[in-house]
Amino acid sequence: THLYSVTAAVLAGAMLERGVRRLAVVSAAPVGDRSVHRLPQRALLPVLHAVFGATYRDMTRMEAALARRPELDWVSLRPPYLRDGPPRGRYRTHPDRPPRAATSMTTGDLATALLDAVTDPPPWHVAWVT
């Protein structure tokens, strides 16, 4: 699986050619340091990595590739399980660990978070969102 890393690299190159610096991408809550998760979620991570491990590794490559592009203003949002639905009007982000009780969010709230990240970029590159 190379969809995330290749797409991010192509987008970053095209954006910079046109003078666009801000990029918000979607990753996943299980990507990154497993120790930042609370115990209930941490217990589920091996199962998730067994099923979706190739995708999570590619998301890790995507974030690493973006980190090597200092000329970009980028953020990678790591949502938990996504439920199809309109925005509920609120979401939470945290740069160091998943927010407490971060088990799911709607696709509408993730879309809002992505738009907010592009229009008012956070001071960090990676954030858990719920």
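1. Salt bridges. In this predicted model, the structure contains 7 salt bridges. One of them joins the side chains of Arg-18 and Glu-17, with an N to O distance of 3.5 Å. Both partners of this pair, Arg-18 and Glu-17, are exposed. Another links Glu-71 to Arg-69, and here the closest N and O atoms lie 3.0 Å apart. Glu-71 is partly exposed, at 32% relative accessibility, and Arg-69 is likewise classed as partly exposed, with a relative accessible area of 25%. As a general point, side chains of opposite charge can pair when their charged atoms come close.

2. The pair Arg-88 and Asp-109. These two residues form a salt bridge whose closest N and O atoms are 3.3 Å apart. Arg-88 belongs to the loop between strand E3 (81–83) and E4, whereas Asp-109 belongs to helix H3 (residues 107–119), so the pair ties together parts that are 21 residues apart in sequence. Arg-88 is partly exposed, with a relative accessible area of 44%. Asp-109 has a relative accessible area of 2% and is therefore buried, the cut-off being under 20%.

3. A shared network. Arg-21, Arg-22 and Asp-73 are joined into one network by salt bridges that share partners. Arg-21 and Arg-22 also appear among the contacts of Met-15, which are discussed under the nonpolar core.

4. The open sheet. Four strands make up an open sheet with the order E1-E2-E6-E4, and the pairing is mixed. E1 and strand E4 (93–94) stand at the edges; each has a single partner strand, so one side of each is left without a neighbour in the sheet. Within this sheet, E1 and E2 run parallel and are joined by 5 bridges. Two positions illustrate the register: Ala-24 stands opposite Val-75 in E2, and Val-26 stands opposite Leu-77 in E2. In a regular strand, side chains alternate between the two faces of the sheet.

5. Burial of strand E2. How many of the 6 residues of strand E2 are buried? In this strand (residues 73–78), the number is 5, so E2 is largely enclosed by the rest of the structure.

6. The largest nonpolar core. This core has 10 residues in all: Ala-8, Ala-12, Met-15, Leu-23, Val-25, Met-62, Leu-66, Leu-72, Trp-74 and Val-126. Helix H1 (3–17), strand E1 (22–26) and helix H2 (39–67) are the elements that each give two or more residues to this core. H1 supplies the largest share, namely 3 residues. Met-15, one of the core residues, is in contact with Val-20, Arg-21, Arg-22, Leu-23 and Leu-72, leaving aside its neighbours within four places in sequence. Of general relevance, nonpolar side chains in soluble globular proteins tend to be buried together.

7. A second core. A separate core of 9 residues is also present, including Met-105, Leu-110, Ala-113 and Val-129.

8. Strand E5. Ser-104 is found in strand E5 (residues 104–106), as is Thr-106. Is Ser-104 buried or exposed? Its relative accessibility is 19%; because the cut-off for burial is under 20%, Ser-104 counts as buried. Thr-106 is also buried, with a relative accessible area of 4%.

9. Surroundings of Ser-104 and Thr-106. When neighbours within four places in sequence are set aside, Ser-104 is in contact with Pro-80, Tyr-81, Arg-83 and Thr-130. Under the exclusion of residues up to four places away in sequence, Thr-106 touches Leu-82, Arg-83, Gly-85, Pro-86, Pro-87 and Arg-88. Arg-83 therefore appears in both contact lists. Arg-88, a contact of Thr-106, is the residue that forms the salt bridge with Asp-109. Ser-104 is 46 residues from Asp-58 in sequence, and their C-alpha atoms are 22 Å apart in space.

10. A nonpolar surface patch. Which residues form a nonpolar patch on the surface? They are Leu-44, Val-47, Val-51 and Phe-52, which together have about 370 Å² of accessible area. Val-51 lies in helix H2, an element that also gives residues to the largest nonpolar core. With a relative accessible area of 57%, Val-51 is exposed, because the cut-off for that class is over 50%.

Methods. Residues are numbered from 1 along each chain as its sequence is written. This is a predicted model: local features need pLDDT of at least 70, side-chain atom pairs count only at pLDDT 80 or more; totals for chains, interfaces and linings use all residues. Side-chain values use heavy atoms; hydrogens and water are left out. A nonpolar core is a set of buried Ala, Val, Leu, Ile, Met, Phe, Trp, Tyr and Cys residues joined through side-chain atoms within 4.5 Å. Buried means under 20% relative accessible area, exposed over 50%, partly exposed in between (1.4 Å probe, protein chains only). Contact means heavy atoms within 4.5 Å. Patches are made of residues with over 30% relative accessible area and no salt bridge: like charges are joined within 9 Å, nonpolar side chains (Val, Leu, Ile, Met, Phe, Trp, Tyr) within 5 Å. Accessible areas come from the Shrake-Rupley method with a 1.4 Å probe; for residues, only the protein chains shown count as cover. A salt bridge is a side-chain nitrogen of Lys or Arg within 4 Å of a carboxyl oxygen of Asp or Glu. Two strands pair if DSSP finds at least two bridges between them.
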